[in-house]
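Q: Please give me a close look at one chain of this model. I would like its interior, its contacts and its confidence treated together.
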Amino acid sequence: MFLRIVADSFGRRPRHKLLTGAALGLGMGVATAALSVSLDVGDRLAKEFRSLGANLIVTPQADSLPLEIGGVDYRPVNAGAYLPEADLPKLKTIFWHNNIVAFAPVLEVRAEALPFTREDGEREPGTWIADVPLIGTWAYHAVPLPDGGEFQTGIAKTNPWWQINGRWFSDDAKECVVGTAFARKNHIKIGDSISLAAGDVTKIPSPLKVTAVLSSGGPEDESIVVPISRAQSLAGKPGQYRKLYVSALTKPEDAFAKRDPKTFTPKEYDTWFCTPYISSIAFQIQQELPGTDVRVIRRVAEGEGAILTRVRMLLWLVTGAALLAAALAVGASSAASVIERRTEIGLMKALGAGSGTVGFLLAAEQLLLAFVGGGAGYALGILLARLVGEKVFGVAPEPSLIVFFVIIALAAGVTILGSAFPLRRASRYEPAPILRGE
Amino acid sequence: MADRRITNRAMFWRIIRRLFGANPGRLFVMLLALGAGAAVTAALLNLQVDARRRLTTEFRAFGPNVLIIPKGSSAAGSETLPESTIHLVPVNLPNGRVTVSSTLYMVASVSVPQSGKSLPAVVAGTNPLGFVRVSVFSSSTSEANLNGPAPSMGEVCVAGARVAKQVGVEQDAELVLASGDRLESCRVALFHQTGGPEDNRIAIGLRTAQCLADLPNRISAIELIVPGTPVEIQSYIADLQRQLPDVDVRPIRQFTEGEARIYNRISGLLTATVGIVLLLTALCVMAAMTNVAMERRMDVGLMKAIGGSMRRVLRLFLAETALLGLAGGIIGGALGIFLSIGLGKAVFGVAARPRLIVYPVAVALTVVVAILSAFPLRRLASIRPASVFRGEA
């Protein structure tokens, strides 16, 4: 009988139920879309922030002080310490290895360059240019991982603001990329060749082909970027590098992360170690690469943290407002649907139903509607969130099961709350005046 | 005739009054739905306008984004600029002030008198308050120390973490800087670790550095923190370059480009989210309102039975919902604007400035939604009053 009454209520007034359901579905759609976007946005934005480049820098602990002005190091060539390139795959073995987006070792060296100007298809050596800054690095390098597989990384990923007009060199080829200011000054074009030498030149070394012109807006515009092996052989430091840029996805630092790790209790230490704070990632890299100094590039990391926290909060507030509006509108809708059924309630009570039975019946009806409406709203919301995600980030957020349960619970809660008030009033109705139409 | 019209009008308003008074529960429910919609609309619109502007301010957490250096030099190398260049930089922009700091770089020998340790390091002379401001974002420890005595020129310096470690200097210790036969001494006021080249430098007052380098009134570079959207920054750079043809004005691309990308993403995200939330909220309110309106068939039937034409009946109901929409919009909109002020404060620490244009827009939108939601009543035109009363339809 109970089911029959519920089924009858739906069958008898389909348009009415449809509208209440639509209000519910739309409201929950808003909630789902806003929730999914908010849940997803932290990770997506953290990835976007990697377009600012590396946020960690690794240097040898024993290194002498760089005399760097405007990106040009005035140190004597042989001063300072170096680090072994062979250790680098270890970076992908730290606890947060999945958060390491890219890394690139750098070895800077000064050398003499001999460009070959190419006129009439003939190669003719120009004059030697003294004291050219060379930057040896990886462009796109496949790092073999200890557990098999490869990791694609390089300077193109750690310094994404470097604009390349042409293509990056391949790491094992005799190729190089020249800075735009250097190229302009010495009339070098893509396709030209340059010989590089350091120290006394007895014979002209085999030249490197220019594959691209680099524009970075910084001191790199004056230099030549070469594969790191080339810089190593020119510096006489095979298999070594001096600076390592690491770009890692991190969680913005809070008050906890800013404390000194030495003051942590063991439990706090575990929490800190197992959270991708920039400081814990730096610590783990330092453990993996002994003899290094891992420093956080504060300018990038803290600006990123501040903005990420703000944006996340903003979106949560938007979500909160959306939830509130949806809840109020849906609650109002279900309240209305109970208020309008005074006659029905009066009739049921006249036929001997208690207030409890009537309330239960109506609540069951509302809940059924909530589940259907909530489910439809979830589907709609996911669709919209997908649209937003694809439009803004090019990637759709993963539908999350948690959101589904939250939405269904919310839908049920809101409808019950919305109908509770009029239902309580309904329980006090005297059937006779209602039936008489008073 | 005129009399009739007046009577008609009086009757019209009387019915409206009755419609409102008859069922306070329903009235409350409708106002709740409309008010909630209006509040969210007003709050989000206000926040949306404000947040985009506020975000560009947030981006200044990254520090300088524009660099002025001598023409032709790749970076701040050996060439210098006259210090007066700094006065040619326009600082008052419509959306905030440009922060300017000039620096003179040089290599000097740094030594600690107590230990006798000495090594060459880069010394950066900046305007004394400028370097403090720049170092604010450097490390958490330095922030606390900034409240100490204000640094005066020449007496105090800020040592980068790596310089301090290598030369073995402690806080409040004395440092002697030497370049050629010129000597200057300073007290280390604080350390900073930024992960950037500042770690390898000693920062002192600009005058002191100029004396040390024997380059009076010369500087190597000017760093600017320019507020605004990426487009505004671009045009500022172009204008500045035109104004100062003798120097190189270049964006610090790492930050200007990264920012542009992130700004577009965030503002796109915000627009899309707000748009969807507003659209769905409007539809949701409309569905709720229509639901209520459909319950009025009895009223419609009665009015038709006593001779009301469908147009007049409809006009009555439209007037009712429009009034409701107006009331809901006015109450909800005001609530929403207060809400957005609170939200702005929570997110950005600064109360969002209420935009007055948002208020009428929110009210108008609510009225439109309310009227639209009453339109399905037109379907009731085909109702035969008798069947309503018999309880058939």
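What percentage of the 393 residues in chain B is buried, and which elements and contacts go with that part of the model?

A: Buried residues account for 48% of the 393 residues of chain B. A residue is called buried if 20 or more other C-beta atoms lie within 10 Å of its own, exposed if 12 or fewer do, and partly exposed in between, the C-beta atoms being placed from the backbone. The model is predicted: local features are reported at a pLDDT of at least 70 and side-chain atom pairs at 80 or more, whereas totals for chains, interfaces and linings use all residues. Residues are numbered from 1 along each chain as its sequence is written, with chains lettered from A and ligands numbered from 1 in the order in which they are written.

Chain B contains 12 helices and 13 strands. These are DSSP runs numbered from the N terminus, helices being H or I over at least four residues and strands E over at least two. Among contacts in chain B with a separation of 6 or more, 81% join residues 24 or more positions apart. Two residues are in contact when their C-beta atoms, placed from the backbone, lie within 7 Å.

Confidence comes next. The pLDDT, which is the predictor's confidence in each residue on a scale from 0 to 100, has a mean of 77 in chain B, with 87% of the residues at 70 or more. Of the elements of chain B, helix H7 (residues 230-243) has the highest mean pLDDT, 88, and helix H4 (residues 140-145) the lowest, 38. Over residues 128-154 of chain B the pLDDT stays under 50, and the model has 46 contacts beyond four places in sequence for them. The model as a whole scores pTM 0.75 and ipTM 0.74.

Two helices show how burial is arranged. In helix H6 of chain B (residues 206-213), the buried residues are B:Leu206, B:Thr208, B:Ala209, B:Leu212 and B:Ala213. Viewed down the axis of H6(B), these buried residues fall within an arc of 160°, so they line one face of the helix; the arc is taken over the directions from the helix axis to the C-beta atoms. The buried residues of H6(B) pack against strands S5, S6, S8 (174-179), S9 (182-192) and S10 (201-205) of chain B.

B:Asp214 comes just after H6(B), in the loop between H6 and strand S11 (218-219) of chain B. Its phi is near 60°, a positive value in a residue other than glycine. Most residues other than glycine have a negative phi. B:Asp214 counts as exposed because 12 C-beta neighbours lie inside 10 Å.

Helix H9 of chain B (residues 297-305) has B:Val300, B:Gly301, B:Met303 and B:Lys304 as buried residues. They fall within an arc of 165° when seen down the axis of H9(B), so here too the buried residues line one face of the helix. Just after H9(B), B:Gly307 has a positive phi of about 105°.

Strand S13 of chain B (247-251) offers a view of a strand with two faces. B:Val247, B:Val249 and B:Pro251 form the covered face of S13(B), and B:Asp248 and B:Arg250 the uncovered one. In a regular strand the side chains alternate between the two faces of the sheet. S13(B) runs antiparallel to strand S1 (residues 66-70) of chain B and is joined to S1 by 5 bridges; strands are said to pair if DSSP finds at least two bridges between them. In this pairing B:Pro70 stands opposite B:Val247.

The last topic is the contact with the other chain, in which 75 residues of chain B meet 73 residues of chain A. The elements of chain B that give two or more residues to this side are helix H2 (24-58), strands S5 (99-111) and S6 (118-126), helix H5 (161-167), strand S13, helix H8 (253-294) and helix H10 (310-348). H8(B) gives the most, with 27 residues. By type, the residues on this side of chain B divide into 44 nonpolar, 21 polar and 10 charged. In that count Ala, Val, Leu, Ile, Met, Phe, Trp, Tyr, Cys and Pro are nonpolar, Asp, Glu, Lys and Arg are charged, and the others, Gly among them, are polar. S5 and S6 of chain B thus appear both on the side that touches chain A and among the strands against which the buried residues of H6(B) pack.
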